[in-house]
Each structure stands twice: as structure tokens, then as C-alpha cells.
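User: I am new to this structure and would like to be guided through it by way of questions. Please begin with any term that I shall need.

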Amino acid sequence: MKTETSAVDINRNIGDFSYDVTHAYDAGTGLSEKTIHYISDVKQDPDWVREFRLKALKTFLEKPMPTHWASKDLEAIDFDKIRYYLSGGTQAKRTWEEVPEDVKRTFERLGIPEQERKFLAGVEAQFDSEAVYSNIKKAVGEQGVIFVGSAEGLKEHPEIFRKWFGKVIPTGDNKFSALNSAVFSGGSFIYVPPGVKVKHPLQAYFRINAENFGQFERTLIIVDEGAELTYMEGCTAPKFNTATLHSAVVELVAMKDAKIQYITVQNWSANVFNLVTKRGLAHENAEVKWIDCNIGSRLTMKYPGVIMKGRKARGEVLSIALANDGQHQDTGAKMVHAADETTSNIISKSISIGTGRATYRGLVHVPKHLKNCKNNTECDALLINSTSRTDTYPAITVRGTGNAVQHEASVSQVSAEQIFYMQQRGLSKAQAMSLSVNGFVNDLVRQFPMEYSVELKRLIELEMEGSVG
Amino acid sequence: MDENWRGNLPQIAARKTGKSRYSFVPLFMNELNIQNLRVEIADREIVRGLSLTVPCGEVHAIMGPNGSGKSTLAKVLAGHPDYHVTGGAVTMDGENVLELEPDERARHGLFLAFQYPSEVPGVTIANFLRAAVQARMPEGEELEATDYYAKLYEKMELLGMDRSFTSRSVNEGFSGGEKKRTEILQLAMLEPKYAVLDETDSGLDIDALKTVAHGVNSLRGPNLGILLITHYQRLLNYIVPDHVHVMVAGRIVRSGRKELALELEERGYDWTREEAGEMAVR
Ligand SMILES: Nc1ncnc2c1ncn2[C@@H]1O[C@H](COP(=O)(O)OP(=O)(O)OP(=O)(O)O)[C@@H](O)[C@H]1O
Ligand SMILES: [Mg+2]
């Protein structure tokens with residue numbers, strides 16, 4: 001079967017390509033108030049945004065690194081050597097034809113126009129820190145859906161933007177959310193009006209393309225009462241020698257009876273620090289579902305969360321992490337129950353290859369005064385080699401009567417006998433490995449949109465190819 | 001001591017081809033040939049100078065007491081990495097099998113129905129077999145899904161398997177009999193040149209035994225050589241072998257026609273052991 005129609009045509013070899021792109025704006029390396037002013041000037045930020053950034057910078061500088069519980073590897077990040085803002089200086093584009101030629105070449109290598117034709121209702125692709133290509137299919141626009149870059153969102157739709165911006169994830173949530181709040185650029189702003197069910201998934205495509213350049217996109221999605229949206233985000237980064245920092249903040253707001261599904265498949269190159277804060281707020285009877293697939297990067301720290309604020313709200317995190325040689329995937333979920341009859345579900349699967357390490361951290365919080373809340377947590381780890389590592393840190397506090405929690409964890413290994421059996425049927429060792437790994441994640445992947453499961457399968461194959469000698 | 005023993009390894013001979021040109025082509029027997037094979041595991045010699053030839057188109061049965069090395073032989077033929085071949089040769093249609101990777105051997109036409117098949121969690125039979133069939137196709141060629149499923153369903157019917165099995169994970173939670181049937185389904189789908197069936201009959205009830213035997217018999221023909229490892233004469237009533245060999249302590253100690261199996265059933269293995277012992281003394 002050919003997978004030409006996949007949503008995110010990610011190939012490691014392709015992802016490692018980079019073309020020269022001329023940056024009209026470059027904030028230089030290092031971070032100070034001057035950097036913030038530079039960014040705000042270039043972006044022509046409203047005053048309230050400039051102030052928001054400056055306050056966030058203070059918070060960032062004051063906050064310690066979370067190294068008391070997190071990987072010591074974080075200390076390897078040299079904040080003075082990072083470029084916090086680069087821009088091609090181009091405006092967001094509506095059609096492919098308007099995209100500059102050099103930018104287009106990179107996108108073509110990544111297969112973007114292809115996908116757009118096949119699956120997508122609208123594309124918001126981020127190139128470096130500015131959205132240079134954005135396209136909303138007519139139908140979506142006609143329904144009153146707003147789908148723009150965050151910079152445009154805060155200027156053109158301040159009445160909605162300001163109301164929710166920084167409310168789900170406050171600046172001081174953690175050091176990296178503060179950093180993002182100070183220097184954010186790019187990302188999407190989406191608003192879906194009441195009752196509108198967006199049929200096709202909306203998609204953004206992120207890519208880092210400059211050495212030592214941190215990407216700090218900021219996404220805010222508000223789905224109004226009874227409306228529904230699926231959003232897809234895919235990432236690749238070209239390979240560079242020096243570490244690259246990616247620190248995004250994604251806030252979702254699902255109003256009463258609304259549904260949001262946010263899907264990420266990322267395939268960072270092995271030198272990227274990927275420190276992302278993602279959280280959704282679910283009002284009464286609303287549903288927020290994170291599908292999160294983490295492949296690649298040097299260190300990923302990401303724990304998508306849902307705050308179930310209204311009665312009968314539902315939160316779900318389905319995640320897959322693949323830690324290859326030398327990589328650390330520190331992922332998990334946070335479920336905060338804040339109303340009666342709220343339910344949450346976490347299914348996490350991790351694969352560790354070679355010296356790869358997968359860590360699961362799960363926070364489930366149900367306070368004493370709540371009734372009839374439920375959580376189900378399942379985390380399964382698969383170890384490929386004897387040098388592979390996995391750890392699980394569940395932090396479950398469930399109090400009160402009538403609240404139920406269920407937690408299952410397993411660690412398994414691909415056995416030599418199993419590989420031999422598969423080889424005896426004619427599959428190479430790498431094929432056998434990738435089929436086994438795909439088998440391990442299969443029941444979870446089945447719940448993903450078709451095009452994503454196909455893509456994920458291919459990504460896993462690519463990873464396994466490289467890992468078997 | 002082995003009536004199937006053939007002295008010579010592949011020969012090269014000049015043969016006239018279509019046009020008036022001569023080219024060298026190997027002149028080998030179409031056979032799976034095992035010569036004086038020695039195998040060790042954990043410093044213990046398990047196969048101790050075993051020779052055996054299975055010509056394409058024939059069915060050979062191996063019988064022998066527990067622990068005599070039958071499964072070891074089967075796995076060594078398939079290239080299991082735990083076993084060390086310390087001597088001898090194995091060729092398949094003249095090709096040196098021992099220098100091939102397990103998956104290459106499989107793609108070159110060797111199939112092993114395991115005594116204890118592994119589970120492959122999360123991978124459905126349909127997907128697994130599809131990958132295996134695809135792996136045998138020339139590069140760049142895609143397996144046609146409709147053809148594949150047509151064949152799969154046909155073979156399942158032959159083996160009395162319900163179609164719902166295709167969506168179950170390979171061997172996961174299968175009963176002993178279901179596992180064995182699935183092995184034969186794979187055999188039928190992959191169409192090898194030589195198949196080693198390691199105790200495919202054990203764990204099968206009498207009806208299942210008949211169905212599986214029927215399945216194997218329907219695959220019998222000039223293009224398939226079968227090495228059948230079994231403990232029971234019963235199976236040989238349904239899959240009638242051309243030859244029967246007795247394996248004791250890592251060697252073939254006796255070979256004969258299908259009647260030998262009956263004799264074994266009556267007299268057990270002791271007498272073959274004695275004869276083998278005598279031979280060793282001589
Ligand atoms: N992986 C292994 N490690 C150690 N010893 C082994 C291993 N595999 C086989 N052996 C030993 O080799 C000998 C032969 O085993 P094998 O499984 O080949 O016998 P078999 O003839 O197939 O027996 P059965 O009829 O019971 O299936 C046994 O003594 C067994 O314990
Ligand atoms: Mg055995």
C-alpha cells in the first residue's frame with residue numbers, strides 16, 4: 001500500500017535537510033529585555049502583549065530549573081546561545097503561489113502541498129517563527145471558524161484572544177511556559193463558533209530551520225458550546241550539531257458540550273530539547289482529547305493535561321513515546337478533576353531502544369469533595385535491548401467517596417524467540433522489530449485518524465531500521 | 001546406515017543452453033541435503049554427525065525419543081542464533097544454507113513449523129502473513145490486496161479455520177491446536193520448497209489432525225519436500241511418508257520405509273539404540 005496520502009509526510013532523511021533561508025529579522029543570541037523589545041517591535045505587538053512578555057521574562061529568570069525531579073540534562077541548555085526570534089519577514093500567505101521560492105522548496109521536500117490536497121481543510125504551516133503559509137478552505141471560513149496565526153489572532157480578534165490567553169496555562173506554570181510567554185511567536189489561533197462541527201481536521205506544520213534557534217510557538221484554541229474540532233500538529237526538525245530548543249505552549253478551551261481532539265506526531269532530530277506545556281480546559285459535558293506521539297529529540301518533557309472544570313467533563317490522553325539510542329522521552333499526563341462526575345482516561349505506551357529511556361509521569365487529582373469521578377490509567381513499556389530503560393512515576397491522589405481509579409502498568413520485552421520466529425517467515429530483523437513495535441502500539445493507534453496511524457507506522461519503521469545493525 | 005545418503009556435494013557441469021552457446025550451470029539434486037552435521041549448545045553436542053537428504057517432492061519422517069535433538073535440528077536448519085554448528089554442511093538445491101541469515105533461508109524456500117510457535121502480540125495474522133508474502137516479492141512490486149485475501153481465505157477454508165482468525169494477533173491466546181493449524185496456514189501461504197514440521201500433530205484432536213493432514217497432503221507435490229518430526233505413528237497414517245528415519249542421541253540410527261514407523265510403535269526405541277550402539281562399536 002502506498003502512503004502518498006498521509007497527513008504528515010515525515011521522513012527522517014528529508015527532515016534532516018535544510019535550505020538557506022534569508023532572515024529579515026534576527027533577534028541575535030541571548031535573552032534580555034532588549035530581546036523582548038526587539039520581538040515586540042518587529043511583530044508590532046499591542047502594548048498589552050509587550051507588557052505580558054516583559055512580565056513573563058521576569059518570571060522566567062526568577063524560576064529555577066526543575067532539575068530536582070527532571071533530567072539533569074536540562075542543565076546542558078545554554079540560554080545565552082539561543083536565538084529567540086528569527087523571521088523571514090513575510091506575511092501569512094493564503095495560497096501556495098504566494099509563498100517565497102526558497103521556503104517553498106523546503107516545504108516541497110516535506111510534501112506539504114500533497115497533504116493539503118488530500119485531507120486537509122486548512123493548513124497553517126509555520127516556517128521558522130512566522131506563519132508564512134496559511135490556507136483555510138472556504139467551507140471552514142464560511143462556518144465562521146477563525147484559523148489564523150497567533151500574531152494575527154491577538155491583533156484581529158482581541159475580544160476572544162485576550163479572554164483566554166494565558167488562562168489555561170499561566171505564565172508561571174513552569175520555567176518553560178514562562179520562557180514561551182516571553183518570546184512566543186508563531187503558532188495558531190482557532191475559534192470555532194457554537195454548534196459548528198468542523199468536519200475535516202485542521203492542521204499546522206511546524207519546522208525548525210536555523211541553527212541554535214529556539215522555536216516558541218503559542219497555540220490557543222477555543223471551541224464554543226456544542227462545537228467540535230480536530231487539530232493536527234506534525235513536526236520535523238533538520239539535524240544540527242548544536243542543541244536546539246523547542247518550547248511551545250498550547251492552550252485548549254472546550255466550552256459546554258464541546259469536543260476537541262488535538263493530535264501531535266513529532267519527529268525531532270536527536271539534538272532537540274523539546275519542552276512543551278499543553279493543557280486543556282473542559283467545561284460542562286465537554287471533552288478534551290490529546291493524542292500525542294513523541295519520536296526523536298534529545299530530551300522531551302511533555303505532560304498534556306486536562307482540567308475538568310464542569311460537571312461530566314471528560315479528559316483523555318493517548319500517548320506513544322519512542323526513545324531511541326541516547327534519547328530521553330519524559331512524558332505523561334495530568335488529569336485534574338474539578339467537578340462531579342468527571343472522567344479521565346490515560347493510555348501511555350513507550351518504546352525504548354538501545355540506550356533510550358522512557359519515563360512516564362502521571363498526575364491524577366480528585367479532591368475529597370467531588371462525587372462519582374473516574375480515572376483509568378494504563379501505561380505499558382516495551383524494551384528492545386537490555387540497555388534500554390523505562391521508569392514510571394504515577395502520582396495519583398484520589399480522595400472522597402464514590403470516586404474510582406484504576407491503574408495498570410506493564411513492562412515487556414521483544415524476545416529473541418519472537419524475532420527468530422518472524423525472521424523464519426522471511427522478514428528481516430528490522431522488519432520483524434518494527435512489526436513487533438507496531439504490534440505493541442497497535443490497539444492504541446487504531447484509535448487515531450487513519451492517515452496518522454499510517455504515518456506513525458512508517459515513522460516507527462524508519463526508527464527500527466536505524467536501530468538494528 | 002542411511003539409505004538416503006548421497007555422497008557428492010553439488011557438481012558443476014557444462015550444459016547446452018537454448019542457443020549455440022555453452023554456459024556453466026550447477027548440476028545439483030533438487031534436495032535438502034544435510035551432511036555430517038554437528039551442533040552444540042552451551043558446550044554440549046546435541047547433533048552429532050547427522051546426515052540426511054530430503055529430495056524435493058518427498059516426505060520424510062523423523063521419529064525419536066525426547067531430547068534426541070529433533071527440534072534442535074529443525075531450528076539449526078532455520079538458522080536459530082543460539083545453536084553453534086561445529087561441523088558438516090547443509091545445502092538446499094545446492095546452495096549453502098548455513099551461511100544465510102534466517103530470513104534469507106526463509107525467502108529461499110525453507111519453512112519451519114515450530115513445535116512451540118511464538119506469540120506476536122498486536123500483529124494480526126492477516127498483517128503478519130501479508131508482510132511475509134510481500135517480503136518474497138521482487139523489490140518495487142506491491143502485493144495486490146484482493147489477490148492476497150482471496151488466497152488467504154481459500155487456505156483457511158482448506159484448514160477449516162474461521163475467517164475471524166485473520167484479525168487475531170498471531171498465536172496470542174491461541175489453543176495448542178489453533179497454533180498448529182496457524183503454522184500450517186502459514187506453510188500453505190508461503191509455498192516453500194522445503195518444510196520442516198516439528199510435531200505439528202501434537203496437541204491436535206483427531207478431527208483437527210485429519211484436517212491438518214488433509215491440508216499438508218494438498219500441498220504435497222513435486223515442488224515440496226517435507227521433513228516431518230513426530231512421535232506418533234498415527235500422523236503417518238494420514239500423511240504417509242516416503243521414508244522414515246529414527247533419530248537417537250543426535251544421529252540418524254536407522255532409516256526405512258513407512259513400515260518402520262509401525263515397528264517403532266510396537267517395539268519402542270530401545271532396539272534402535274542397541275543397534276546404534278553396536279554400530280558404534282564396530
Ligand atoms: N537452548 C537450549 N539450551 C540448552 N539446552 C538445550 C537448548 N535447546 C535444546 N537443548 C537440549 O538439547 C537436547 C535436545 O533437545 P531437542 O529439543 O532438540 O529435543 P527433541 O528431540 O526435539 O525432543 P522432544 O521430542 O521432547 O521435542 C535436550 O537435552 C535439550 O535440553
Ligand atoms: Mg522437539
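Analyst: A polar contact is a pair of N or O atoms within 3.5 Å. The model discussed here is predicted. With that cut-off in hand, one can turn to the ligand.

User: How far does a polar side-chain atom of B:Arg44 lie from an oxygen atom of ligand 1?

Analyst: The cut-off for a polar contact is 3.5 Å. The pair formed by a polar side-chain atom of B:Arg44 and an oxygen atom of ligand 1 has a distance of 3.0 Å.

User: Which residue has a side-chain N or O atom 3.1 Å from a nitrogen atom of ligand 1?

Analyst: Ligand 1 also has an oxygen atom 3.3 Å from a polar atom of B:Ser68, but there the protein atom belongs to the backbone. The side-chain atom at 3.1 Å from the ligand nitrogen belongs to B:Tyr83.

User: What percentage of the area that ligand 1 exposes when taken alone does the protein bury?

Analyst: Taken alone, ligand 1 exposes 630 Å². Of that area, the protein buries 67%.

User: Which element gives the largest share of the shell around ligand 1?

Analyst: The shell has 15 residues, and B:Gly67, B:Lys70, B:Ser71, B:Thr72 and B:His231 are the closest. By class, four are nonpolar, eight polar and three charged. The largest share is three residues, and the element that gives it is H1(B).

User: How many residues of chain A are in contact with chain B?

Analyst: The contact involves 32 residues of chain B. About 2,000 Å² is buried between the two chains, with carbon and sulfur atoms giving 57% of it. On the side of chain A, the number of residues in contact is 18.

User: Which residue of chain B forms a salt bridge with A:Arg425?

Analyst: Between chain B and chain A the count is one salt bridge. Its closest N and O atoms are 2.6 Å apart, and a salt bridge requires such atoms to lie within 4 Å. The partner of A:Arg425 is B:Glu183.

User: How many residue pairs are in polar contact across the interface of chain B and chain A?

Analyst: Only pairs with both residues at pLDDT 80 or more enter this number. Under that condition, the rule finds 14.

User: How many residues apart in sequence are the parts that A:Lys289 and A:Glu316 tie together?

Analyst: The side chains of A:Lys289 and A:Glu316 meet in a salt bridge, with N to O at 3.9 Å. A:Lys289 lies in strand E14 of chain A and A:Glu316 in strand E17 of chain A, so the parts tied together are apart in sequence by 27 residues.

Note on methods
Residues are numbered from 1 along each chain as its sequence is written. Chains are lettered from A and ligands numbered from 1 in the order in which they are written. This is a predicted model: local features need pLDDT of at least 70, side-chain atom pairs count only at pLDDT 80 or more; totals for chains, interfaces and linings use all residues. Side-chain values use heavy atoms; hydrogens and water are left out. Contact means heavy atoms within 4.5 Å. Buried area is the accessible area (1.4 Å probe) that two parts lose on being put together, summed over both. A polar contact is a pair of N or O atoms within 3.5 Å; within protein, one must be able to donate a hydrogen and the other to accept it, and residues adjacent in sequence count only if both atoms are side-chain atoms. A residue is near a molecule or strand if one of its heavy atoms lies within 4 Å of it. Accessible areas come from the Shrake-Rupley method with a 1.4 Å probe; for residues, only the protein chains shown count as cover. Helices (H or I, at least four residues) and strands (E, at least two) are DSSP runs, numbered from the N terminus. Ala, Val, Leu, Ile, Met, Phe, Trp, Tyr, Cys and Pro count as nonpolar, Asp, Glu, Lys and Arg as charged, and the others, Gly among them, as polar.
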